[in-house]
Amino acid sequence: MIVELDCGNSFIKWRIIDAFSRVLSSGVVGSIEELVHALDEARTSHEFAHCRMVSVRSDDEVARLENVLAQRFGLCVSTVRPASCLAGVRNGYLNHERLGLDRWMAVVAAHRLSAGACLVLDLGTAVTADFVDADGEHRGGFICPGLPLLRRQLREHTRRIHYDAVAANDLTGGSFAPGRSTAEAVERGCVLMLRGFVASQLELAKEHWGDRFEIFLTGGDASLVADVLPCAKVVPDLIFIGLAIACPIPS
Ligand SMILES: Nc1ncnc2c1ncn2[C@@H]1O[C@H](COP(=O)(O)OP(=O)(O)OP(=O)(O)O)[C@@H](O)[C@H]1O
Ligand SMILES: CC(C)(CO)[C@@H](O)C(=O)NCCC(=O)O
Ligand SMILES: [K+]
């Protein structure tokens, strides 16, 4: 079995797949300790043979994770490294090493899945948009704060914005009526910002490509904007698809 890891800034997404890419088990954890616990449990029913990982965390944290996986599970981790070119996609950054590896995996996967140009949107801790031409030229993209960061900035930099974050969970409920409490006003306001950002990316994509492009949507908060982009393909495992392309299992 193959252990796959996508280490974002807030969460680590893990899954166990078989040689036919069937997902046998998966989860989301908040720390390396929780990951070890989850994998300990998964190991009782699956034998781990390989491990591949993409991470946007510090080099220190990546090294710590690689060590833990080697010592505890005997896994030699294949970790995605920056590249200027992969699977027909050319990295559009002036310094290709600076492009987030999660973005890189997402554009490589989108180009593989798409017949033409694509706009790739990832809504996680941060929100990113990337533009890839039909011939694989990555044009670059945009980064803005995601929902968790928008909320936190408001709470930390105002005196009177405070509310129960748990109670606020999904306060939009699909409604964008003006909020009648702090929680409603902030939650709906922040989601509207994300929806506005996503709509502006759609306009930019139309300027570049007319109507000849596809949209790929991924990340934990993708569902909050999906109806703004009715033509988008929602692909929750887009980064894992890229990871399999970047780190194939040696035969
Ligand atoms: N099961 C889940 N566990 C954690 N977060 C979830 C879950 N389902 C949806 N979310 C939402 O996903 C968001 C985090 O998205 P994601 O997991 O893509 O981010 P991340 O990997 O931490 O960040 P990034 O990839 O930008 O560094 C949170 O804002 C949360 O609201
Ligand atoms: C933008 C994030 C945080 C999104 O997860 C990640 O891709 C990252 O840390 N990128 C490095 C900076 C850049 O992509 O320009
Ligand atoms: K992500």
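How many aromatic pairs does the count come to in this predicted model? The count comes to 4 aromatic pairs, and two of them appear in the second of the views below, after an overview of the whole chain.

**View 1. The protein chain as a whole, with 6 helices and 12 strands.** Along its principal axes, the C-alpha trace of this predicted model spans about 55 × 45 × 30 Å. The radius of gyration of the protein chain is 19 Å, which agrees with the value near 18 Å that a compact globule of 251 residues would have. Buried residues make up 44% of the 251 residues, while the chain exposes about 12900 Å², of which carbon and sulfur atoms supply 53%. Among contacts between residues at least 6 apart in sequence, 55% join residues that are at least 24 apart.

**View 2. An aromatic cluster formed by Phe-131, Phe-142, Trp-209 and Phe-213.** Phe-131 and Phe-142 form an edge-to-face pair, with 6.1 Å from centre to centre and 80 degrees between the planes. This pair links distant parts of the chain, since Phe-131 belongs to strand β9 (residues 126–132) and Phe-142 to strand β10 (residues 138–145), 11 residues apart. Phe-131 counts as buried at 3% relative accessibility, whereas Phe-142 is partly exposed, with a relative accessible area of 37%. Trp-209 and Phe-213 form a tilted pair, 5.8 Å from centre to centre with 45 degrees between the planes, and both Trp-209 and Phe-213 are buried.

**View 3. The surroundings of Ala-110 in helix α3 (residues 101–113).** Ala-110 is buried, its relative accessible area being 0%. Once its neighbours within four places in sequence are left aside, Ala-110 is in contact with Cys-118, Val-120, Phe-216 and Leu-238. The view also takes in Ile-245, which is 135 residues from Ala-110 along the chain, with 11 Å separating the C-alpha atoms of Ala-110 and Ile-245.

**View 4. Asp-122, a buried residue without a salt bridge.** Asp-122 has its place in strand β8 (residues 117–123). The nearest side chain of opposite charge to Asp-122 is that of Lys-13, 7.1 Å away, whereas a salt bridge would need a side-chain nitrogen of Lys or Arg within 4 Å of a carboxyl oxygen. Leaving aside neighbours within four places in sequence, the contacts of Asp-122 are with Val-127, Thr-128, Thr-218, Gly-219 and Ile-239.

**View 5. Salt bridges, for which the count comes to 18.** Side chains of opposite charge can pair when their charged atoms come close. Glu-61 forms a salt bridge with Arg-57, in which the closest N and O atoms are 3.0 Å apart; Glu-61 counts as partly exposed at 26% relative accessibility, whereas Arg-57 counts as buried at 16%. Another salt bridge joins the side chains of Arg-90 and Asp-135, at 3.8 Å from N to O. The pair links distant parts of the chain, with Arg-90 in strand β7 and Asp-135 in the loop between β9 and β10, 45 residues apart. At 29% relative accessibility, Arg-90 counts as partly exposed. In a further salt bridge, between Lys-233 and Glu-214, the closest N and O atoms are 2.2 Å apart. Because Lys-233 lies in strand β12 (residues 233–234) and Glu-214 in strand β11 (residues 213–218), this pair ties together parts that are 19 residues apart in sequence. Lys-233 is partly exposed, with a relative accessible area of 41%. Elsewhere, Glu-4, Arg-15, Arg-52 and Asp-237 are linked in a network of salt bridges.

**View 6. Two loop residues with positive phi, Ser-21 and Ala-87.** Most residues other than glycine have a negative phi. Ser-21, although not a glycine, has a positive phi of about 65 degrees, and its place is in the loop between β2 (12–17) and β3 (23–29). Ser-21 is exposed, with a relative accessible area of 52%. Ala-87, which is likewise not a glycine, has a positive phi of about 50 degrees and lies in the loop between β6 (85–86) and β7 (89–90). Ala-87 is partly exposed, with a relative accessible area of 34%.

Notes
Residues are numbered from 1 along each chain as its sequence is written. Chains are lettered from A and ligands numbered from 1 in the order in which they are written. This is a predicted model: local features need pLDDT of at least 70, side-chain atom pairs count only at pLDDT 80 or more; totals for chains, interfaces and linings use all residues. Side-chain values use heavy atoms; hydrogens and water are left out. Helices (H or I, at least four residues) and strands (E, at least two) are DSSP runs, numbered from the N terminus. Buried means under 20% relative accessible area, exposed over 50%, partly exposed in between (1.4 Å probe, protein chains only). Contact means heavy atoms within 4.5 Å. Lys and Arg count as positive and Asp and Glu as negative; His and the chain ends are not counted. Rings of Phe, Tyr and Trp (its six-membered ring) pair if their centres lie within 6.5 Å; planes under 30 degrees apart count as stacked, over 60 as edge-to-face and the rest as tilted. The radius of gyration is taken over C-alpha atoms; the globule rule is 2.2 Å times the number of residues to the power 0.38. Accessible areas come from the Shrake-Rupley method with a 1.4 Å probe; for residues, only the protein chains shown count as cover.
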